[in-house]
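Me: I am new to this structure and would like a close look at a single part of it. Could you take me through one helix and its surroundings, explaining the terms as you go?

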Amino acid sequence: MRRGQGEEGARTGRPRDGRVDASILAATREVLAETGYVRLTVDAVAARAGVGKAAIYRRHATKQEMVFAATVHTMALQAPADTGSFVTDLAALIDDILATLGNPVALVTVPGLLADVIADADLTARFRGTFMERQRDLVEEVLDRAVGRGELDERPELDLVHAMLVGPVFAWLFMMGRRDGDVFARELASRLAVALTGEGSGFPS
């Protein structure tokens, strides 16, 4: 477990109440819908959730981490099921990224949230060591499956593949304003599979 305020419950032996976790995330989404990201405060979320601020800070060290967990994904993010081939695993992963970044609350929240994170070196480091590392874990799992099947000779550089997956999705949603993701996921997965394997193979026919 990473060090930080979220470890307090583990150190003292108190089990964390999943109902409180869920109520904080739900309250965050509700307050976001009413006030927007910039005007959202931890006090307002605590009041809506019916908990003290300390309960929030035991789970989320900053407002930004709380908002990211509520609108994009938590640390409990799961890898897509093994589909049996590299290209379809990539498509499933891209579909998941589209779903997490493309939900209505995330679409209006992520640009301001990321601006805050990028402007603060400490926040950037925390996000890299938590949420971004969890995403990388899933990319690693998909790549390791492909290595195990013999579709890749070795695992490519993780940060590069992570960027190759997330960057186009971010551009598709936030820069181009596109919401039609089904064909996009298949096309991107097919092109990435070809680039990473060096073979001219796409989706199975």
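Reply: What follows is a walk around helix 5 and its surroundings. This is a predicted model, in which local features need pLDDT of at least 70 and side-chain atom pairs count only at pLDDT 80 or more, while totals for chains, interfaces and linings use all residues. Residues are numbered from 1 along each chain as its sequence is written, and side-chain values use heavy atoms, with hydrogens and water left out.

Helix 5 covers residues 63–71, where helices are DSSP runs of H or I with at least four residues, numbered from the N terminus. Of its 9 residues, 9 are buried (under 20% relative accessible area, with a 1.4 Å probe and protein chains only), so helix 5 is largely enclosed by the rest of the structure. Among these buried residues are K63 and E65, as well as M66 and F68.

One partner is helix 7 (residues 104–119), which packs against helix 5 at an angle of about 155 degrees, with the axes 10 Å apart; such axes are lines fitted to C-alpha atoms over the stretch in contact, and angles run from 0 to 180 degrees between N-to-C directions. The two helices are therefore roughly antiparallel, a term for angles over 145 degrees. In this pairing Q64, V67, F68 and T71 of helix 5 meet V105, A106, T109, L113, D116 and V117 of helix 7, contact meaning heavy atoms within 4.5 Å.

F68 is also touched by Q135, a residue of helix 9 (residues 131–149). Q135 is itself buried, at a relative accessible area of 15%.

Technical notes: Angles under 35 degrees count as roughly parallel, over 145 as roughly antiparallel, 65 to 115 as roughly perpendicular and the rest as oblique. Buried means under 20% relative accessible area, exposed over 50%, partly exposed in between (1.4 Å probe, protein chains only). Lists of a residue's contacts leave out its neighbours within four places in sequence.
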